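Visitor: I should like to learn how to read several features of a protein model. Might we begin with its pockets?

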Amino acid sequence: MQGKIFMLTGAGISAESGLETYRSVTGIWQSHKMEEVATRDAFLRAPEKVWQFFALLKAAADKAVPNSAHRAIAASMLKCKEMNIPFFLVTQNIDTLHERALAEVGLPVSDCIAMHGRLSVSSCVKCRKSFNDPFIHFDSRGIDSNERVKHLAFFSELETLASVEHEKEHRLPLSPCCKDLLKPSVVLFGEEPQELNKCYSEVLGTSVFVAVGTSGKVAPANEFARWAVRLNSGVRTIFVNTDQSAASDTFKEFFTGPATEQVPFLISRLLS
Ligand code: APR
């Protein structure tokens, strides 16, 4: 009987849905300065730059659809529920493609832990209330726009913004609750990832740890595999990537190639 599966995914799993990864030669960090658009300080210093950056990612994510890797994972999570096999999915991605694949098979969006947050949610900087936020807010020229996304995954338990007021100076979106700034509910560098305690506690009892499409460059996500080995020296550690050089020495098994080929193949082996 298959033991507990812990799966961590990164930007590489969404590459074949047409979304840029972060550290490839054409990656997001080649065309944007992380310290200007994706850190806590950047948001305090120039929130309009952070909003314009995430508006670009949000518009791109809205045009993408889950690929066969997202869908194979969602189908296997459904099968594991029926077979009583624990399957914990945590992603570093904010594109909500896993959540959309889960919704397609009738599983709750919350069955995927998005530890770096989601592009479909924004929060009030004052009271931290979160909202489903369908607005792009800034178009690619950095001008505020009321363009709405149509395909991102939203949460039934959150209020959905029906309209947004903008402040005068930079046309930044304001929260309906406190009339203070709204912030994209994505984890900026310098902020604590979401549901971290749950991620660490879910590593306990893992029989198979799988990392898909991640360069393992960012903590604490890149610590989970080592944690799994520390808690269970017999755990299988599997690295699914087009480039195995990114694997830390923790990983002992390698499925090399695009996620849309390797993930369905790996899952068929795990669940056969
Ligand atoms: N199939 C499988 N793996 C792929 C594919 C593919 N089609 N395309 C690229 N990859 C691999 C690359 O070889 C690389 O190892 O996906 C990985 C992507 O690495 P990064 O771009 O560093 O993305 P990620 O690991 O998710 O970054 C983690 O860093 O900037 C922050 O918050 C951001 O969540 C992100 C975090």
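Guide: Rolling a probe the size of a water molecule over the atoms shows where empty space is left. In this predicted model, the largest pocket has a volume of about 860 Å³. Its lining comprises 43 residues, and those closest to the centre are Ala11, Tyr22, Arg23, Gly213 and Ser215.

Visitor: Which element gives the most to the lining of the largest pocket?

Guide: Helix α4 does, with three residues. Both α4 (47-63) and β13 (236-241) supply at least two residues each. By residue class, the lining divides into 22 nonpolar, 16 polar and five charged residues.

Visitor: How should one read the buried residues of a helix, and which are they in α7?

Guide: An α-helix has 3.6 residues a turn, so residues three or four places apart point the same way. In helix α7 (residues 196-203), the buried residues are Leu196, Cys199 and Val203. These cover an arc of only 60° around the axis, and therefore lie on the same side of α7. They pack against β1 (4-9), β2 (87-91), β3 (112-114), β12 (206-212) and α8 (224-231). Just after α7, glycine 205 adopts a positive phi of about 85°.

Visitor: How many disulfides does a search of the whole structure find?

Guide: A disulfide is a covalent bond between the sulfur atoms of two cysteines. The search of the whole structure finds zero. For cysteine 80, the nearest cysteine sulfur, that of cysteine 112, is 15 Å away. Cysteine 80 counts as buried because its relative accessibility is 1%. Cysteine 178 is likewise in no disulfide, with the sulfur of cysteine 127 as the nearest, 3.6 Å away; the cut-off is 2.5 Å. At 27% relative accessibility, cysteine 178 counts as partly exposed.

Terms used. Residues are numbered from 1 along each chain as its sequence is written. This is a predicted model: local features need pLDDT of at least 70, side-chain atom pairs count only at pLDDT 80 or more; totals for chains, interfaces and linings use all residues. Side-chain values use heavy atoms; hydrogens and water are left out. Buried means under 20% relative accessible area, exposed over 50%, partly exposed in between (1.4 Å probe, protein chains only). Helices (H or I, at least four residues) and strands (E, at least two) are DSSP runs, numbered from the N terminus. The arc is that of the directions from the helix axis to the C-beta atoms. Contact means heavy atoms within 4.5 Å. On a 1 Å grid over the protein atoms alone, a cavity is a set of points where a 1.4 Å probe fits but cannot get out, and a pocket is an open set with protein on both sides within 12 Å along at least five of seven lines; lining residues have an atom within 4 Å of a point. Grid points are joined across faces, edges and corners, and a volume is the space filled by probe spheres set on the points. Ala, Val, Leu, Ile, Met, Phe, Trp, Tyr, Cys and Pro count as nonpolar, Asp, Glu, Lys and Arg as charged, and the others, Gly among them, as polar.
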